[in-house]
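User: I would like to learn how to read helices, surface patches, annotated segments and nonpolar cores in a model. Where should one begin?

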Amino acid sequence: MEVVKKVLRYALLAVLILIFVAPFVWMVLTSFKSLGETLTFPPELFPKAWQVQNYAEAWRSGPFLHYLVNSLVVTVLVLLLQMTTTVLAAYAFACYDFKGKGVLFLLIIITMMIPEQLTFLPIFLMMSSTGLLNTIWSLVLPMGVSAFGTFLLRQRFMQIPNELIEAARLDNASEMRILRYIMLPQAKSTLTTLALFSFISTWNNYFWPLVMTTNDAVRTLPLGVAMLRSSQNGIAWNVLMAGNIILVLPIIIVYLLAHKKIVDAFVYTGIK
Amino acid sequence: MTKHSSFPYLLVLPSLVFFGCFFVFPIAYMVYLSLFDWNFVTPTMNFVALENFKTLFADARFRQVVVNTVIYTVLTVGLTQTLSLLLAVALNKNEKIYTLTQTAIFSPYIISLVSISMLWMWMMDVDYGLLNYVLHLFGLKEVAWITDPNVALYSLVLISVWKSIGYYTLIFIAGLQSIPKYIHEAAIMDNTSPARKFIHITLPMLSPTIFFTGITSLIACFKVFETIAIMTQGGPANATNTFVYFIYEYGFKFFKIGYASAAGVVLLGIVSVLTVIYFKTMAKRVYYQ
């Protein structure tokens, strides 16, 4: 009986894994097929001859190097900007008393609930009238604050013992030195978490670059990949999937390297 | 805590500047724009007061968008919350195979929605798709997943549930692990059945977590855009058009800025009400802790 139960349980787990992982395996396999093989029914699981050239074709279909560089620049700038604003604000909210602190903190936290999908139209008009449309800044500046980051880092800073800060003050350390040499090193793992968070969401963002750019100059990778879909003679699924692998790969690599941290980071939002 | 006159304000200043420029001002601007008839190309903006809202509520297309959004949201939230709660209870074990399963079901959550949309578009192809092949294997009839107006919205729900279920499962597992052990031990001593234990211990102890995930997933549903933009463009027959896509369509395709802004203001109203409810309840919860 015990054995039967165990086998049954493992079979169920295997089905679960299959449901969530099989589509990605299918994506990888499709990216190596010939166009003909993508249009057979019943579908063949493995390609007869692995077509590596699909990747070259996806890459050549548009200025992909350009998209990739844009994606990297936007991601790095958003990361730096968010880190700066977040660290400073979290430090203030965690370690100082000042008038209006509660209200300001609440206001920043409320932005967590208001999605960017709500304010894109007025921001688009603002960018358009200031001439920032189709520049990197229209993709970077609106992502300048991270309410979630401020919240998370404030929690971490508040856990750092006050004695440490007081001791540093007695040694005449400046407030910025305290931040730099006491707070930041103690909050290292939270900072890594935030960086991962920011990287994943900025890299994957399709909506914002779509509404803020009207030409290839500042388009990012998700847009480039999405444009592979609109070819005049039907969709070339194999090339399309190859393009998607190019988009997904950096995330997969980061996920494999920092899997534990990412899971902790995403779960943490749910606990407090 | 130390009192410093201006230093903390300097620290908060950069955040507040961004907050003002890309949150407070745009929202005020959107409300202002909703009172005008303007096509973005001509320089003249006609003040029409609340005309846009009147037209909006009388617009059958918009009413369908509201209905679509409600169906999409109720189904997605209901399904993700129920299924991930059950999965969390089932997978809350430290054995390798269980943690592997947790990782597997979480993985779609971090993948770009662009890729997910295209992948599912391919799997949902009527003639060559993997999904219809699986249906064939079980002797079932094929389904026109995204081309049938009666099915398309549910297909989008399926994708959204598939993508986010692992995230909520992990949150619930974290919640389960924070329930003190002695409560379970007491239940075991009293010979409580697993179902009773779930209803009388797990659910009440997890209720703050369930409330949090419920609201987050609700708000996430209002943001749905990528799957629609890539897979259906709101079609067939407006069947998958939802709030954000509607605003996008009117703003960027039809250039009816005032009208699109009015729809934005309505959505803002709904989100604000939810936010207030959320913070009121959260404040209570913090009080009781």
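Analyst: Helices are DSSP runs of H or I with at least four residues, numbered from the N terminus. In this predicted model, Leu249(A) lies in helix H14 of chain A, which spans residues 237-257.

User: Is Leu249(A) buried, partly exposed or exposed, and why?

Analyst: Buried means under 20% relative accessible area and exposed means over 50%, with partly exposed in between. Leu249(A) has 44% relative accessibility and therefore counts as partly exposed.

User: Which residues form a nonpolar patch on the surface with Leu249(A)?

Analyst: Its partners in the patch are Ile252(A), Ile253(A), Leu256(A) and Leu257(A); together the five-membered set Leu249(A) to Leu257(A) named here has about 520 Å² of accessible area.

User: How should the record for chain B be read against the model?

Analyst: An annotation may be inferred rather than shown by experiment. The unreviewed UniProt entry annotates "transmembrane region" over several segments of chain B, including residues 103-123 and 257-279. In the model, residues 257-279 of chain B are 100% helix, with end C-alpha atoms 32 Å apart. Residues 103-123 of chain B are 71% helix and 0% strand, and their end C-alpha atoms are 22 Å apart.

User: Which residues touch the most other members of the largest nonpolar core?

Analyst: A nonpolar core joins buried residues through side-chain atoms within 4.5 Å. The largest has 147 residues, and those touching the most other members include Met212(A), Trp208(A), Trp120(B) and Phe225(B). Helix H7 of chain B (residues 152-177) gives the most to this core, with 15 residues. Apart from it lies another core of 35 residues, among them Tyr91(A) and Ile182(A).

Key. Residues numbered from 1 in each chain as written. Chains lettered and ligands numbered in written order. Predicted model: local features only at pLDDT ≥ 70, side-chain atom pairs only at ≥ 80, totals over all residues. Heavy atoms only, no water. Patch = residues over 30% accessible without salt bridge, like charges linked within 9 Å, V, L, I, M, F, W, Y side chains within 5 Å. Areas by Shrake-Rupley, 256 points an atom, 1.4 Å probe, with all protein chains shown as cover. Salt bridge = Lys/Arg side-chain N within 4 Å of Asp/Glu carboxyl O. Helix = DSSP H or I, 4+ residues; strand = E, 2+ residues; numbered from the N terminus. Buried < 20%, exposed > 50% of the residue type's maximum accessible area, 1.4 Å probe, protein only.
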